[in-house]
Amino acid sequence: MNPFSTGIGWHLAPEDSPSGIGGGQDEEAGPADGFVGPQPPFARKMSPATFINFGMRISQTMFEDAPNAPGVLAYPVSGRATPTLMVYSPAYVKSLLVVDPALAPSATRMSPLRPILGPDSVLTAIGDRHKRQRALLMPQFHGRSIANYREGIEKATARHLDSWPVGKPVAVADIGQEITLDVIMQAIFGVAEKSDATPAENRLRRSVIRLLRLSTTTTARVAQMINARREDPNFAQRMVLAPMDRAIFEVIGERRAGSRSGHDILSVLLTATTEDGDSLSDSEIRDELVTLLLAGHETTSNTTAWAFERLTRHRAVYDAARDAAASGDDDYLEAVLNETMRSRPVVPVFGREVLVPWRLGPHVAPAGSVVLASSLLLHHRDDLYPRPFAFDPERFVGVKPAPNTLMPFGGGNRRCLGSTLAMAELRIVTGEILRRVDLQTHDRPGERPVNRNVTMIPGDGGTVVATRVR
Ligand code: HEM
């Protein structure tokens with residue numbers, strides 16, 4: 001029986017229950033090239049109202065529908081002739097990533113992120129513009145650059161752990177956010193500490209925190225879904241974005257006036273030119289900065305929060321992770337992080353728009369369909385990960401995951417630009433917390449995953465209580 005059709009939240013599934021998720025293994029997938037087959041059947045009906053609800057509880061919906069489907073879920077989209085599909089077999093996911101991106105460009109420009117990030121960011125652009133922006137930013141996120149950020153990450157972590165209160169419930173996501181914001185502010189603006197920043201840079205930092213707090217409210221999440229697939233922000237979103245945009249344009253103005261220069265990302269963007277010799281406009285730079293600020297910290301802070309949400313509810317694993325951190329056993333810590341991102345990927349789907357008919361085993365998706373690769377479902381297939389609801393880092397110890405089976409950072413030409421930075425932050429921050437702070441759970445069952453925009457975050461921010469801080 002499908003345990004999720006009984007109304008149980010997937011996050012509370014008993015560790016030994018099977019997920020019943022499978023299908024699509026080893027089947028042919030990719031541009032149909034003349035292959036004819038039926039469209040995948042719809043998993044459920046969808047009205048505009050249920051579409052909003054669907055977006056807000058997309059993780060739960062996937063688990064409810066997948067056990068009855070053949071490796072692909074199809075949903076009708078009101079006002080569009082083509083469906084939205086969700087795929088979760090390695091073969092189907094791979095087909096989207098290895099193909100010429102012109103046939104299956106990223107669908108982020110059609111996601112709820114588009115009105116917030118704007119049209120000109122590396123995340124929302126496609127084609128030549130995407131290629132150019134990615135090539136421009138890539139060196140900033142390579143291994144050598146990350147080594148330069150290491151000291152900044154260590155210092156930011158130490159600063160924020162010193163003030164961790166004992167005996168009081170604390171959301172790890174909040175502490176993680178302070179650390180990861182410091183790190184990304186340093187990467188983008190070259191500012192190591194708040195005291196070195198200009199007033200506009202500090203206002204920008206505060207407005208980013210406020211924007212994320214507001215975006216967790218139900219009203220904001222409904223507003224995002226109502227505005228999904230529209231290109232521009234709606235009134236509510238404009239109101240929320242305005243203070244951040246004002247601060248960003250002020251910072252760009254200061255830097256154009258020569259307030260500071262260096263090897264930070266903003267300096268790179270300010271001096272970059274296109275093949276035609278044009279420089280980037282303020283609004284193009286704004287889109288890039290908002291993308292890096294938002295993509296570059298809340299994913300990492302919520303992954304840290306999920307790590308401790310899981311660890312504090314699995315005492316034996318917590319103790320093993322603490323011992324590993326103390327003895328410098330990086331392999332086990334890496335396995336803990338992989339298991340966290342397997343069981344709670346903060347970006348549970350990533351999408352492409354297929355511009356030609358697309359074969360998925362016996363089915364064909366029409367050209368124009370949005371196909372979402374569901375890392376959340378892929379990571380919970382019984383055939384890839386036995387006991388998928390157990391939190392068990394041992395499954396990754398000394399094991400390299402098979403290709404296209406562990407995909408928290410997506411893949412292909414759109415694979416997360418910040419994955420090396422994110423992993424460096426996760427290793428340092430998680431290791432340091434394990435070494436310096438003794439934590440226990442806030443004494444609740446597992447936290448409810450909340451879908452906010454494109455992320456899946458812990459409902460209580462990974463709330464824990466410190467019993468001792470060293
Ligand atoms: C645990 C942390 C993170 C996770 C789980 C994560 C996950 C993802 C995913 C799933 C994608 C979409 C990939 C695809 O469509 O194939 C993505 C894209 C992206 N991420 Fe991350 N991310 C994280 C941290 C970061 C950080 C620290 C940065 C740094 C600035 C960053 C910047 C980006 C950018 C710019 C893109 C767009 C890449 C493109 O379209 O070419 N991310 N990320």
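How far does a polar side-chain atom of Arg134 lie from an oxygen atom of the ligand? In this structure, which is a predicted model, the separation between that polar side-chain atom of Arg134 and a ligand oxygen atom is 2.7 Å. His130 offers a similar kind of contact, since an N or O atom in the side chain of His130 is 2.7 Å from an oxygen atom of the ligand. With Gly411 it is the backbone that takes part, and there an N or O atom lies 3.0 Å from a ligand oxygen atom.

Let me now step back to the whole shell. There are 25 residues around the ligand, and those that come nearest are His130, Arg134, Arg352, Arg414 and Cys416. By residue type, the shell holds 14 nonpolar, eight polar and three charged residues. If you look for where these residues sit, at least two come from each of helix 5 (127-137), helix 12 (282-295), helix 13 (298-311) and strand 5 (349-353), and helix 13 gives the most, with three residues.

I would like to follow helix 12 a little further, to its packing with helix 7, which spans residues 172-189. The axes of helix 7 and helix 12 are 9 Å apart and meet at an angle of about 150°; because an angle over 145 degrees counts as roughly antiparallel, helix 7 is roughly antiparallel to helix 12. Their crossing is right-handed. On the helix 7 side the contact is made by Leu181, Ile184, Met185, Ile188 and Phe189, and on the helix 12 side by Leu289, Leu292 and Leu293. The residues of this contact comprise eight nonpolar, no polar and no charged.

Conventions. Residues are numbered from 1 along each chain as its sequence is written. This is a predicted model: local features need pLDDT of at least 70, side-chain atom pairs count only at pLDDT 80 or more; totals for chains, interfaces and linings use all residues. Side-chain values use heavy atoms; hydrogens and water are left out. A residue is near a molecule or strand if one of its heavy atoms lies within 4 Å of it. A polar contact is a pair of N or O atoms within 3.5 Å; within protein, one must be able to donate a hydrogen and the other to accept it, and residues adjacent in sequence count only if both atoms are side-chain atoms. Helices (H or I, at least four residues) and strands (E, at least two) are DSSP runs, numbered from the N terminus. Ala, Val, Leu, Ile, Met, Phe, Trp, Tyr, Cys and Pro count as nonpolar, Asp, Glu, Lys and Arg as charged, and the others, Gly among them, as polar. Axes are lines fitted to C-alpha atoms, for helices over the stretch in contact, and angles run from 0 to 180 degrees between N-to-C directions. Angles under 35 degrees count as roughly parallel, over 145 as roughly antiparallel, 65 to 115 as roughly perpendicular and the rest as oblique. A crossing is left-handed if the near helix is turned anticlockwise from the far one by less than a right angle, and right-handed if clockwise. Contact means heavy atoms within 4.5 Å.
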